[in-house]
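Trainee: Please take a close look at one salt bridge with me, and then show me what lies around it and elsewhere in the model.

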Amino acid sequence: MNFRQHLLIFSVIIFCIPVTNLSAAITRTLSIGSRGADVKELQVILNKDITTKISSTGPGSPGNETEYFGFLTAKAVVVFQEKYKKEILTPAGLTLGTGTVGSFTRAKLNSLFNVPQTVTTNNLVPNNTVPTNSTPKASAPAFTYTSISYPILYSVPATVKRGSTVVIYGANFSLKGNTIIFGTEKIGNISSPDQQKIQFTVPTTLQNGTYNVSVQNDIQLTSQKSSTITVTDIQPITPLIFDANPKIVSVSPGSDLRVTVTGSGFSLTDNTIQSSFGSIANVKATSESELTFSLEDFAQFDQVRVNPYAKGASVPLIFGIANSGGSTPKTIQILVQF
Amino acid sequence: MKTFYFKVLVLVMVALSFPLQSFAFGATVRYGGYVLFTIPCTCSAGTFLVTYAPLHLEGIGKIVAQMVISPTVQRWAYEQFVYPPIMTTWQLGEMTIGGECLMTATPCIVIPAYGTVTKTGASYPGFSPL
């Protein structure tokens, strides 16, 4: 074997050695349940700042980072997002941290901690206030959990029957140890496996009436905006949709844009249409089994109908109905022919 | 023997040359579309349902459909940042089949969506390619 052959073999070996980064960039969206080396990388980064430390001891603590994105990691991400609100939350139109590591959060993490950049969109990369070889910024003043992670209530039933099982939908609930505050009564130790809904039984000791309801999580934070629930002896009737007509609504000058819905459990005074076109509130039913709404009642409809790109398009209108009895478990679809 | 192996090799190469397209849930499809209108999914904060007309999907064709988009959507490099997508913009990106827009009610009303946008970029509002 001559020198050239040796050189060739040596070159091949050199090219075969993988080039690795000691610090890998986080390139995908991470959220509760995610697993992988990038999760561990995220935890290492968060642990570099005392205010975003995952945990002081045990799994997730400095030196004990894991490849699992759990509740503690999500909490630390929320703190990080709140800390760099202007660069992460404000551009996304958010005010509270979400706990999900999306593009803005990734860009900030990678830029702050000198991880190789992979997010190249100009808008996402903060300006070069941090030299590429700088050490992480000094920690901000001590963080307290009281400014974040308040439970938020998105959906609370208007009317419930004593003793019935009720679900409240929202965000920032704790996995365990939530408390429902029902007027002056408290229902404690409620779990929320997905941290987005809480199921509980309405106490039979409650009198008929309307109560302010709020949720407190396991770090003693209570939803700041309470909702009201009316407790009765009568089981609310869940609205159901059987049919909607016409199946195709033709949008042309002078055409009838009304849709008639047949079903059951409609409120004579107050129904809400929730649809792929938006919402229409305060829809009155002609009877408990029939109501009518008009496409013109959707806020954007007039703007859409004059758009030349709408002309000829058959757009699906998928809708359900909500009222004090609850919401339709199934939606129905018709077509709007522009 | 050599001819046999050659034939097998040719067959394998021909087979591999056919594009493997699957539009099952979870498959990524490239899209381009015109934002006819957008509504907020009020029971899942920050998420929007976008109606595209037309919507061009690679390997599927031209349709009209609604897709869900969330603030964590990946953006193309050097494209405009427009979130939520505003009416009269054109978008280019990637989507996966299937999605849900939750609207406020008790329980939340689930509006099924044709897809979920996973990557996007947008034109300036009102831009017309025609």
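**A lysine and its partner**

Mentor: Let's start with K108(A), which makes a salt bridge with E87(A), the closest N and O atoms lying 2.6 Å apart. A salt bridge here is a side-chain nitrogen of Lys or Arg within 4 Å of a carboxyl oxygen of Asp or Glu. This is a predicted model, so local features need pLDDT of at least 70 and side-chain atom pairs count only at pLDDT 80 or more, while totals for chains, interfaces and linings use all residues. Residues are numbered from 1 along each chain as its sequence is written, chains are lettered from A and ligands numbered from 1 in the order in which they are written, and side-chain values use heavy atoms, with hydrogens and water left out.

The two partners sit 21 residues apart, K108(A) in helix α5 and E87(A) in helix α4 (residues 85–88) of chain A. Helices (H or I, at least four residues) and strands (E, at least two) are DSSP runs, numbered from the N terminus. K108(A) counts as buried because its relative accessibility is 3%, whereas E87(A), at 31%, is partly exposed. Buried means under 20% relative accessible area, exposed over 50%, and partly exposed in between (1.4 Å probe, protein chains only).

The lysine has plenty of covered company: in helix α5 (residues 103–112) of chain A, 10 of 10 residues are buried. Among them are the charged R106(A) and K108(A), along with F104(A) and L109(A). F104(A) also belongs to a core of 21 residues, which includes Y84(A), L89(A) and V101(A). A nonpolar core is a set of buried Ala, Val, Leu, Ile, Met, Phe, Trp, Tyr and Cys residues joined through side-chain atoms within 4.5 Å.

That core lies apart from the largest one, which has 48 residues; there F293(A), L295(A) and F319(A) touch the most other members. Strand β16 (residues 314–323) of chain A gives this largest core its biggest share, 6 residues. Leaving out residues up to four places away in sequence, L295(A) touches V249(A), V251(A), L257(A), V259(A), F301(A), L317(A) and V336(A).

How does our pair compare with other salt bridges? Over all chains the rule counts 9. K197(A) and D194(A) meet at 3.4 Å, N to O; K197(A) is partly exposed at 37%, and so is D194(A) at 34%. In chain B, E58(B) bonds to R30(B), with the closest N and O atoms 3.0 Å apart. E58(B) lies in the loop between β2 (48–57) and β3 (61–69) of chain B and R30(B) in strand β1 (residues 28–40), so the pair ties together parts that are 28 residues apart in sequence. E296(A), D302(A) and R305(A) are linked in a network of salt bridges.

Where the chains meet, the rule finds 0 salt bridges between chain A and chain B. Even so, 45 residues of chain A are in contact (heavy atoms within 4.5 Å) with 41 residues of chain B. The two chains bury about 3400 Å², 63% of it on carbon and sulfur atoms; buried area is the accessible area (1.4 Å probe) that two parts lose on being put together, summed over both. On the chain A side, Y154(A), Q274(A) and Y309(A) lose the most area, together 20% of what that side buries.
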